[in-house]
Amino acid sequence: MPELPEVETLRRCLEPYLVGRRIESTRVRNPKLRWPVPIELPARLQGRVIQGLERRGKYLLMHLADGAVILHLGMSGCLLVRPEGAPAATHDHLEIVLDSGKVLCLNDPRRFGCVLWCPGDPLEHPLLAGLGPEPFAPAFTGDYLYQRARGRKATVKAFIMDSRIVTGVGNIYANEALFAAAIDPRRAAGRISRKRYHALAAALVEVLRQAIQQGGTTLRDFRDAVGNPGWFQLQLKVYGRAGEPCPRCLRPLSEVRLAQRATTFCAACQR
DNA sequence: ACTGGCTCCTGAGGGC
DNA sequence: TGCCCTCAGGAGCCAG
């Protein structure tokens, strides 16, 4: 389930294979994703040079001279670099053949991902225009979170997982950051002090930074573009550990569902 | 302006 | 061994 660190890991891994390369051809093996792969995509990409690979939240943006490909991996998507001629796999949706002889392949069993063509600036695309700041951007601060939380009755966990507030934070890292900041995930976002939001912002940045450093979290199937797993799962403190002792106070970790998502926390030391 | 619930999809894993 | 059931979740969308 790619969140920001997994998408950033992929971006870094893919960059040297893609940037500066010319696209020879594009094969759409299965257009069925969250939205259908645009029918004109192969023609748009044909002969174009990839000028950059950018990440915005959990979106990857492949910049060409006259537009960009917007990619999202949903929760089961992966991008793999393979040699031309390698056999296709089940759930391969798209293959982009590069002039290097390598092929960029999108595989997505659950089809929650998407591939879109954007003729203009992708940051102004409706899917991206309303996104909140990147966690690593200067604009993302405790003060910012505190201000945005005024009057909010939703839980703080739903609040930090809202991409309009801050981008890229999924379930795993929301759980981990709330644990690190010792905040009860069930607490209403509007009922948390400015000081505690400073701690939360710092915790989010630190958890994401460490996860990127570890190459992301591989729970079941995350791999980078050449098949390497991430290692941050070894450092998860609470996610997937309900019933185990809290790393801080040793009382058993609790699990509840918030906003349809598994939420693990320590009811004793997260307040 | 917010909020919670629904929806898409397939593979893994548990129970029997 | 095999079948059936439940669950996992990103995020757009919509009704209230």
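**Close-up views of chain A**

**View 1. The open sheet S1-S6-S7-S5.** In this predicted model, four strands form an open sheet in the order S1-S6-S7-S5, and their pairing is antiparallel. The edges are occupied by strand S1 (23-28) and strand S5 (78-83); each has a single partner strand, so one side of each is left without a neighbour in the sheet. From one strand to the next, the twist averages 20°.

**View 2. Pairing of S5 with S7.** Strand S5 and strand S7 (residues 102-107) run antiparallel and are joined by six bridges. Within this pairing, valine 81 is found opposite leucine 104 of S7. Strands of a sheet pair through backbone hydrogen bonds, in either a parallel or an antiparallel manner.

**View 3. Helix H1 across S5, S6 and S7.** Helix H1, which comprises residues 4-18, lies across three strands: S5, S6 (92-98) and S7. The helix runs at about 30° to S5.

**View 4. The open sheet S2-S3-S4-S8.** A further open sheet is formed by four strands with antiparallel pairing, in the order S2-S3-S4-S8. Strand S2 (52-56) and strand S8 (114-118) stand at its edges; since each has a single partner strand, one side of each is left without a neighbour in the sheet. Here the twist averages 20° from one strand to the next.

**View 5. Pairing of S2 with S3, and the course of H1.** Five bridges connect S2 with strand S3 (residues 59-64), and the two strands run antiparallel. Arginine 55 has leucine 60, in S3, as its bridge partner. Helix H1 lies across S2 and S3 and runs at about 175° to S2. Helix H1 also lies across S5, S6 and S7.

**View 6. A salt bridge within helix H1.** The side chains of arginine 11 and glutamate 8 form a salt bridge, with an N to O distance of 3.1 Å. Because arginine 11 and glutamate 8 are three residues apart in helix H1, about one helical turn separates them. The count of salt bridges by the rule applied here comes to 19.

**View 7. The two domains and the area buried between them.** Chain A is divided into domain 1, covering residues 4-129, and domain 2, covering residues 142-265. Taken over C-alpha atoms, the centres of domain 1 and domain 2 are separated by 28 Å. In domain 1, 17 residues are in contact with 18 residues of domain 2. The size of an interface is often expressed as the accessible area lost when the parts come together. Between domain 1 and domain 2, the buried area is about 1,400 Å², and carbon and sulfur atoms give 67% of it. On the side of domain 1, the residues that lose the most area to domain 2 are Pro5, Glu6 and Thr9, which together account for 35% of what that side buries.

**View 8. Polar features and elements at the domain interface.** The rule finds zero salt bridges across the interface of domain 1 and domain 2. Four residue pairs are in polar contact between domain 1 and domain 2, with both residues at pLDDT 80 or more. H1 and S5 are the elements that give two or more residues to the side of domain 1 that touches domain 2. Helix H1 gives the most to that side, with 10 residues.

Conventions
Residues numbered from 1 in each chain as written. Chains lettered and ligands numbered in written order. Predicted model: local features only at pLDDT ≥ 70, side-chain atom pairs only at ≥ 80, totals over all residues. Heavy atoms only, no water. Pairing = 2+ DSSP bridges. Axes fitted to C-alpha atoms, helices over the stretch in contact; angles between N-to-C directions. Contact = heavy atoms within 4.5 Å. Domains from an automatic or database assignment. Buried area = accessible area lost by both parts, 1.4 Å probe. Salt bridge = Lys/Arg side-chain N within 4 Å of Asp/Glu carboxyl O. Polar contact = N/O pair within 3.5 Å; in protein donor to acceptor, adjacent residues only side chain to side chain.
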